Every structure is written in structure tokens, then in C-alpha cells.
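Let's walk through this fold piece by piece. Keep the 3D view open and turn it as you read.

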Amino acid sequence: MSDLEIKVDWQTAEVKALMRRLQPPRLNQALSVGVNTTAKQVRTFAARTVAKAGGLKRGDVDPSIRIFPYSQPSTLTATVRGSGRPIALVKFAARQTKPGVTANAWGVRKLYKNTFIATMKSGHRGVFVRETKKRNPIKELWGAGVTQVMSQAITMGQIEVDAQARLTANVVRQLKRYAFKG
């Protein structure tokens with residue numbers, strides 16, 4: 001699993017002034033809403049980043065990136081987590097050719113020799129290879145999982161820089177909203 005931890009320094013004059021206007025129950029609510037809004041935005045950004053890097057549709061990536069747990073006024077933390085099993089190779093724009101199947105996994109079109117695309121009785125479509133010279137058994141081929149790509153994006157700092165900026169903006173917005181709310 002790949003987790004991302006963001007910490008922000010609240011030592012700006014604007015944030016300090018807003019925090020002085022609010023007392024703990026409302027202050028914690030404002031901070032919690034800011035953290036949750038940021039977690040949702042980071043989840044969307046991470047899904048877009050992983051989908052683009054992998055040559056996938058975002059709908060294939062979305063179920064593997066979750067927010068757990070959502071922030072509560074008592075905790076003020078949320079985790080955006082990439083998990084799940086590897087993604088079926090057929091999802092990477094796989095095409096059947098005479099020598100095998102080509103797939104555009106992670107931005108590089110590669111030929112998988114002696115493979116074929118088939119649809120099972122259940123309706124599942126995949127890229128398969130025969131394990132023996134006989135008709136059966138066959139084995140499905142998989143690409144890398146969301147976890148690996150999300151880990152690379154975190155390592156390169158793409159997601160973290162975006163998350164830092166969003167968290168600061170969202171918390172300031174929520175503090176203003178709660179401070180001037182009736």
C-alpha cells in the first residue's frame with residue numbers, strides 16, 4: 001500500500017488570526033472539513049496521475065484509491081491510500097495481432113508473444129497465455145498495480161506538492177467560513 005502524509009506549518013498571520021476567532025469545537029470542525037476536502041481532491045489528482053502514467057482510464061484506477069479513515073474533529077487526519085491487486089493487461093489498450101497481443105502498459109506499447117485476447121463465459125475479458133501446448137490450462141496476464149505507480153508519483157513529489165497547496169488553501173477557506181458564519 002502507498003500512503004501519503006502531509007504536514008503543514010500554520011505560522012502565517014492570517015491563519016493565526018482566524019484560529020484565534022474560533023474556539024475548539026468549531027475550530028476542529030473547520031479543520032476537519034478542510035482536511036476531508038483536501039483528501040478528496042488529492043484522491044482525484046492521484047487517480048488522474050496514475051491513469052495518465054499507466055495509459056489507463058480513470059474509471060479503472062478509481063476503485064483502487066481510497067480515503068481511509070475520513071477526518072473527524074477529534075482526529076484531524078485522513079489517509080489517501082492506493083491499494084488493490086494488479087490491473088488486467090487488457091485494460092491497457094490491448095490489441096490482438098498475429099504474433100500475439102500488444103498493450104500500452106505504462107506508456108510503452110509492448111508485444112506479448114503467443115498471447116491472445118479472450119472473453120470468458122462470465123463476461124470477463126482478458127489477455128491470456130497457454131501454459132502448455134494443450135488447449136488448457138491458460139493463465140491471465142496482468143499489468144502493474146495502482147500501488148506501484150502511486151508510490152512512484154509520491155516519490156517524485158507530484159502528489160505531495162499538489163496536496164500541500166490544496167491543504168493550506170482548503171483549511172484557510174474553511175477557517176474563514178466558520179469564523180464569519182452566524
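Three strands, in the order S7-S8-S9, make an open sheet with antiparallel pairing. Keep in mind that this is a predicted model, where local features need pLDDT of at least 70, side-chain atom pairs count only at pLDDT 80 or more, and totals for chains, interfaces and linings use all residues. Residues are numbered from 1 along each chain as its sequence is written, and side-chain values use heavy atoms, with hydrogens and water left out.

A quick word on labels: helices (H or I, at least four residues) and strands (E, at least two) are DSSP runs, numbered from the N terminus. Two strands pair if DSSP finds at least two bridges between them. In general, strands of a sheet pair through backbone hydrogen bonds, either parallel or antiparallel.

Back to the sheet. Strand S7 (115-119) and strand S9 (138-140) are its edge strands, and each pairs on one side only. Ignoring direction, neighbouring strands here are turned by 45 degrees against each other on average; such angles come from axes, which are lines fitted to C-alpha atoms (for helices over the stretch in contact), and run from 0 to 180 degrees between N-to-C directions.

What links S7 to S8? The two form a hairpin with five residues between them, and they pair over five bridges in the antiparallel sense. Ile117 has Val127 in S8 as its bridge partner. In the turn sits Gly123, with a positive phi of about 100 degrees. On the other side, strand S8 (residues 125-130) is joined to S9 by three bridges, and Phe128 finds its bridge partner in Glu140 of S9.

Now for another sheet. This open sheet also has three strands, in the order S4-S5-S6, and its pairing is antiparallel. Strand S4 (95-96) and strand S6 (108-113) are at the edges with a single partner strand each, so one side of each has no neighbour in the sheet. S5 is largely enclosed by the rest of the structure, because five of its six residues are buried. "Buried" here means under 20% relative accessible area, "exposed" means over 50%, and "partly exposed" is in between (1.4 Å probe, protein chains only).

A hairpin of three residues joins S4 to S5, and these strands pair over two bridges. Arg95 is matched with Thr102 in S5. S5 and S6 pair over six bridges, one pair of bridge partners being Asn104 and Arg109 in S6. Their hairpin has two residues between the strands, and Trp106 in the turn has a positive phi of about 60 degrees.

Next, some backbone oddities. Most residues other than glycine have a negative phi, and most peptide bonds are trans. Here are two cis bonds to look up:

| Cis peptide bond | Omega | Where the proline lies |
|---|---|---|
| Phe68 to Pro69 | near -20 degrees | Pro69: loop between S2 and strand S3 (80-82) |
| Asn136 to Pro137 | near 5 degrees | Pro137: loop between S8 and S9 |

Ala93, in the loop between S3 and S4, has a positive phi near 50 degrees. With 41% relative accessibility, Ala93 counts as partly exposed. Asn114 has a positive phi of about 55 degrees and is found in the loop between S6 and S7. At 63% relative accessibility, Asn114 counts as exposed.

On to the helices. How do H2 and H5 cross? The axes of helix H2 (residues 24-54) and helix H5 (residues 158-179) come within 8 Å and cross at roughly 150 degrees. That makes H2 roughly antiparallel to H5 (angles under 35 degrees count as roughly parallel, over 145 as roughly antiparallel, 65 to 115 as roughly perpendicular and the rest as oblique). The contact of H2 with H5 involves 14 nonpolar, nine polar and four charged residues. Ala, Val, Leu, Ile, Met, Phe, Trp, Tyr, Cys and Pro count as nonpolar, Asp, Glu, Lys and Arg as charged, and the others, Gly among them, as polar.

Finally, look inside. A nonpolar core is a set of buried Ala, Val, Leu, Ile, Met, Phe, Trp, Tyr and Cys residues joined through side-chain atoms within 4.5 Å. The largest one has 31 residues, of which Val61, Ile65, Leu89 and Met150 touch the most other members. Its largest share, six residues, comes from H2. A second, separate core of 13 residues includes Ala30, Leu31, Leu167 and Val171.
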